[in-house]
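Ready to practise reading a protein structure? Take a look at the sequence and the model below, then work through the exercises at your own pace.

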Amino acid sequence: MQNSQIIFLSKGLPKTRTYNSAEYHSGIWKESATEFYVEKNIISGDDVANHDYHGGKDRVVCFYPYEHYTYWEKEFGLELTQSAFGENVTATNMKEDQVFIGDIFQMGDAILQVSQGRYPCATINIRNENPRLLKKIIETGYTGYFFRVMKEGRITTESQITKLSSLPNAISVAEIHQLYFHEKAPTSEAIQKILDVPELAGRWRELLFDLKMKIDLS
């Protein structure tokens, strides 16, 4: 993997915005930050609106690959604003097919572990005022992903990103997305291989277990 570089840091508390005459309350609208402090279960000064479906110890730091910004801007002919996907960290050379569940990275003083790919929702359409975006994100797998926190610490826009370790027989974020959303006939064995990764976040473990059960009972 080439050296990664932080392009943006973003954080923010939930806000209410209007889209198509309806009000939405979400933490997806974030502001630029030069630094933030990552705690065990939250980033200081950052939060989600719906704790039933977002946040928690497996989804503390939301990451989005910077390279995708160029792709989306060409796809839709529109310039995106910072943290267009509600992410906290936007950086280079860490796309979904380049990172694996269980990978451990150091960013500044913090040590983070990749826990799951992002399961995108329609709030991304609202954030970018683009009703076609969510469908395209699922088609491409350009979802971004989440980190859990192994060691609390400060991250700045000048912080270095260093990969510390990876699991043997690691499974990439992209592979899981491909199997769940696009594989026409996923096998129970392929799903079990993912479930055997103990570092996989609980929510994705539930989704894949349910899928495996349907296959096993069919």
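Here are three short exercises on this predicted model, each with a worked solution.

**Exercise 1.** Find which residues touch the most other members of the largest nonpolar core, and which helix gives the most to this core.

*Solution.* Start with the core itself, a set of 37 residues in which V38 and F147 touch the most other members. Next, look for the helix: α6, residues 202-217, gives the most, with four residues. Now zoom in on V38. Setting aside neighbours within four places in sequence, its contacts include I43, V60, L112 and V149. E152 and G153 are also in contact with V38. Finally, notice that another core of 14 residues lies apart from the largest one, with W72 and F85 among its members. As background, nonpolar side chains in soluble globular proteins tend to be buried together.

**Exercise 2.** Decide whether R203 is buried, partly exposed or exposed.

*Solution.* First locate R203: it sits in helix α6. Then take its relative accessible area, which is 42%. Buried means under 20% and exposed means over 50%, so R203 counts as partly exposed. Now check its surroundings: beyond residues up to four places away in sequence, R203 touches R59 and Q116. Last, compare sequence with space: R203 and D58 are 145 residues apart along the chain, yet their C-alpha atoms are 8.9 Å apart.

**Exercise 3.** Work out how strands β2 and β3 run relative to each other, parallel or antiparallel.

*Solution.* Trace β2 through residues 15-19 and β3 through residues 22-26; they run antiparallel and are joined by five bridges. For one facing pair, see K15 opposite S26. Then follow the chain between the strands: two residues separate them in a hairpin, and N20 in the turn has a positive phi of about 50°.

Definitions and conventions
Residues are numbered from 1 along each chain as its sequence is written. This is a predicted model: local features need pLDDT of at least 70, side-chain atom pairs count only at pLDDT 80 or more; totals for chains, interfaces and linings use all residues. Side-chain values use heavy atoms; hydrogens and water are left out. A nonpolar core is a set of buried Ala, Val, Leu, Ile, Met, Phe, Trp, Tyr and Cys residues joined through side-chain atoms within 4.5 Å. Buried means under 20% relative accessible area, exposed over 50%, partly exposed in between (1.4 Å probe, protein chains only). Contact means heavy atoms within 4.5 Å. Two strands pair if DSSP finds at least two bridges between them.
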